[in-house]
Amino acid sequence: MTIPDSAGYHYMMENGSIELPCKPDEERRIVQELTAKAESNLREGNLYYVVSGRWFSAWQRYTGQRDGAPFEDCPIESQTLALSDSDGRPGAIDNSDIIVNGDDKDDDPQLPRTLVEGRDYVLVPQEVWEKLTKWYKGGPALPRKMISVGNQQKQFYVEVFPLCLRLTDSRDQSEVVIRLSRQASLNDLYVKVCQLKGLHPEKARIWDFFDKKKQTVLSSLSHTLEELNLQMDQDILLEVPTEYFSMDSTGNGLALIPVEPIRSSFSIAGGPTMSNGNSTGYSTNTYQRSTSTSTNGDMEDGYDGLKPLTRGDTGGLAGLQNLGNTCFMNSSLQCLVHTTPMVEYFLQDYSDEINRQNPLGMHGELAVAFGELLRKLWSSGRTPVAPRAFKGKLARFAPQFSGYNQHDSQELLAFLLDGLHEDLNRVKQKPYFETKDYDSRPDEEVADEYWSYHKARNDSIIVDTCQGQYKSTLVCPACDKISITFDPFMYLSLPLPSTATRAMTITVFYGDGSSLPMPFTVTVLKQGCCKDLSHALSTECCLRSDEYLLLAEVYEHRIYRYLENPSEPLANIKDDEHIVAYRLPKKDADLTRLEICHRYQDIERKPFLTPLVTILEDPQSGVDIDLAVDRMLAPLRRKAFFPSANIHSSGENGMEERMESSGTQLGPEIQSSEESEPEGMSSRELSFRLCITDDKGFGCRPIVKDSPITPARIVKVMLDWTNKEHDLYDSSFLKDLPVVHKSGILAKKTKQEAISLFSCLDAFLKEEPLGPDDMWYCPRCKEHRQASKKLDLWRLPDILVFHLKRFSYSRWLKNKLDTFVNFPIRNLDLSKYVKSKDASEGSHVYELYAISNHYGGLGGGHYSAYCKLSGDNSWHHFDDAHVSPVNESEIKSSAAYVLFYQRVKKPSADGKVGEQLDSHRAF
């Protein structure tokens, strides 16, 4: 084993490391195996450690690991801290850049909540952390426990940021921060507070002190802090009663009296009050610990659930407090509570429609929580509401939204609409239907049949107002079998077509060894796919009709992956990556692919140069591999070995003498690859020193002449370059592979694009082939086929929601499109898109009434909403707790993310289809 003579190694030896460092690939293998083992045994209480993304990226580069590569977009090189020595081995683990104090002297170092996983830090299992600290030492250690979240669907989650509570001692008004897991019980909180204050648990009473107001006594000792709706950074109050009195700061006796009014025993939905699934009452005895976990901020006091509620004079203008990165939730909620049919429904008595037996629902709890919140927001007044109870229900039934991380407002909206539908589904027993085949019947007949089946199983206010139907047509490319289905939809996710382009430099290699590699720069659509890149490259390099291009990414002198999915987005390819293309014959596409990597024949045996790829027809032995390597290296032979006369007639540059002294004849090195065996080879010798490797390029096994070759789709070999190869071949042609795009320092900023909502809709409805991972099973061919798919709108709902797909996700990079989408505010006419000719469906003209906006980038963005009050048609900006009027002319922006439209029963008198025409203009 080679031990690197580096600063990192000396540091570990000086500090008493108990384990010698491994080779980079061995470290990577150990970490991958330990990680896989931990992920296969996820349990509540498992310990994970937070590691600086900067340090971990340096370790990944050192070990050649890119699987997941979560830190590709971090400017690591620009950091001033030296994380590795000249040999590339990282120094000691340094987490100082991700802790608040920046040093490891604190016994309980804290992390800034602005950190983003995959960018600033990575989580590693305890076993991996122990290995890393043995190899590198350093720290500080930042252990975090795995918790289980969710009620119906349990999910495991590493609690990176524990719940922080500000404890105020009523005796002296002192404040201290308490940190506990949100899954800790109330009893755990009492124990920690009493230990801190030196109190007996029986002498302490802790209040929910949200907004510095006494809400309720925390007394359900078995409940978790999350179930009690305690939020990040909220206040709690400690009282130490002396019998039935306590003393204020002046020493005066204060009687302890109830703070909360007596609640009605009915909820606003007309049923018994629900609190975490339990019917609860309220006791006026302040010493008795109630089981109620609700708060004044969310329970609507004074409402009689058996009577409909009317809107207040200033209803609909209350904001929602941010409970810690809940702007995404607040934005979606404001759009929903300003949806007229929803307001009218939830302000009435809807208790008869709550479906508590639906196994797909949430026992009616989500609908009740939403209804209570909507009523609070539409009651008279503009006081911001803290949606704590609603967030608590959300965490129980949708654990993906639990915690205090930023989430996607559209994903929350999708969950809410589906959850409200199931909680309010009027169908208690869903009938079973076996759908019939299309069988060339009229579209109207098939569509009505599908819709009747759907309505027989799904019938709620959500279906009544928010669900439409589209026609899906699949065509088999082999037998032309047509399959047509009519499926329901609740919103339309529209792609943002782009005309922006990018220049990409790709190096093309000849798979038959006929020519030298050549780089080509092509211009493609930024939002294009690999198929577009292959097409542009084929034209540029004059690809023959009997050839195809095999795209691949090269990393650390190995083929990291092949880009064989034609629909893979080009956004997955970064500018600083190395992409190559191999010209291969179409007729041999199904034959064995030979992958040739190169390495120095020295002590380190480090890989270098660019891999070569060719096709082998039924390789049997090492000779076949040797001949293929010889053929692929032929274009690299130095000109000195191609004289016009006898090749042995000249001793130019002493090449002949060097070859003879090495005991190798020159003839075999330049003979035609058609010959079966080079002259001068013994029964065990080959022209090159070759090793066959495993799928990952490791585990080298030498190849000799009669080495059997195991049949495989891809055969990987390693070519050792000795002095002989360096003398014979010019390796410079395989060095310095250009990156995809080298940005200039003064690169021009691209002008912001502008597109219309209609062009987004056109892109959504256009015919396109299914991806290789989404193949369709053709009932006629009895095989999975990459069919073409075409969508058409058939039936539109009263409330039409458009989701603009601004976020794209590649292998490691998340990207946001800030494209300005020009959308109509009034007279959005979709008549030409609706294929159904049924006049009873009503108007296809819509009017905008709400927008969910997203500002900034991913990880640190912010959500808000624009909503129109139905009473006076005025627009307001809902930015968490802050609500302000806004002009209609200001609501269009590149931040628009989700658009909410309502059907216009009758088009306006001026009936201008002007907005539609304007929006079709070119920008």
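**Entry 1: a term first.** I count as helices the DSSP runs of H or I with at least four residues, and as strands the E runs with at least two, both numbered from the N terminus. The model I am reading is predicted. With that term in hand I looked up N458, and I found N458 in the loop between α11 and α12 (461–466).

**Entry 2: N458.** Is N458 buried or exposed? Its relative accessibility is 13%, and buried means under 20%, so N458 counts as buried. I then listed what N458 touches, leaving out residues up to four places away in sequence: H421, N425, V427, K430 and V463. With one of these, H421, the side chain of N458 makes a polar contact of 3.0 Å.

**Entry 3: H454.** I went back into helix α11, which covers residues 443–457 and holds H454. The relative accessible area of H454 is 14%, so I noted H454 as buried. Which residues does H454 contact, once neighbours within four places in sequence are left aside? I wrote down V463, Q467 and P488. The side chains of H454 and Q467 are joined by a polar contact of 2.6 Å. V463 appears in my notes twice, since V463 is touched by N458 and is in contact with H454.

**Entry 4: Y432.** On the other side of α11 I looked at the loop that runs between α10 (409–423) and α11, where Y432 lies. Exposed means over 50%, and Y432 has 66% relative accessibility, so I put Y432 down as exposed. I also checked Y432 against R457: the two are 25 residues apart along the chain, and their C-alpha atoms are separated by 8.3 Å.

**Entry 5: the cores.** Next I looked for nonpolar cores. How many residues has the largest nonpolar core? I found 58, and the members with the most contacts inside it are F346, F370, F390 and F415. Helix α8 (residues 365–378) supplies the largest share of this core, nine residues. I followed F415 further: not counting residues up to four places away in sequence, F415 touches M362, L366, L394, F397, A398 and F401. Another core, of 39 residues, lies apart from the largest one, and L550, L584, L636 and L719 are among its members. I copied a general rule beside this: in soluble globular proteins, nonpolar side chains tend to be buried together.

**Entry 6: strand β40.** Then I turned to strand β40 (residues 862–868). Six of its seven residues are buried, so I wrote "mostly covered". Which strands does β40 pair with? One is β39 (residues 845–855), antiparallel, over six bridges. The other I noted is β41 (residues 875–879), also antiparallel, over four bridges. For single bridges I looked up N853, whose partner in β40 is S864, and Y866, whose partner in β41 is H877. β40 and β41 form a hairpin with six residues between them, and N873 in the turn has a positive phi of about 60°.

**Entry 7: the chain as a whole.** Last, I took down the totals. The chain has 923 residues, and buried residues make up 52% of them. Its secondary structure comes to 19 helices and 43 strands. Of the contacts between residues at least 6 apart in sequence, 72% join residues at least 24 apart. The accessible surface is about 43100 Å², and 50% of that belongs to carbon and sulfur atoms.

Notes:
Residues are numbered from 1 along each chain as its sequence is written. This is a predicted model: local features need pLDDT of at least 70, side-chain atom pairs count only at pLDDT 80 or more; totals for chains, interfaces and linings use all residues. Side-chain values use heavy atoms; hydrogens and water are left out. Buried means under 20% relative accessible area, exposed over 50%, partly exposed in between (1.4 Å probe, protein chains only). A polar contact is a pair of N or O atoms within 3.5 Å; within protein, one must be able to donate a hydrogen and the other to accept it, and residues adjacent in sequence count only if both atoms are side-chain atoms. Contact means heavy atoms within 4.5 Å. Two strands pair if DSSP finds at least two bridges between them. A nonpolar core is a set of buried Ala, Val, Leu, Ile, Met, Phe, Trp, Tyr and Cys residues joined through side-chain atoms within 4.5 Å. Accessible areas come from the Shrake-Rupley method with a 1.4 Å probe; for residues, only the protein chains shown count as cover.
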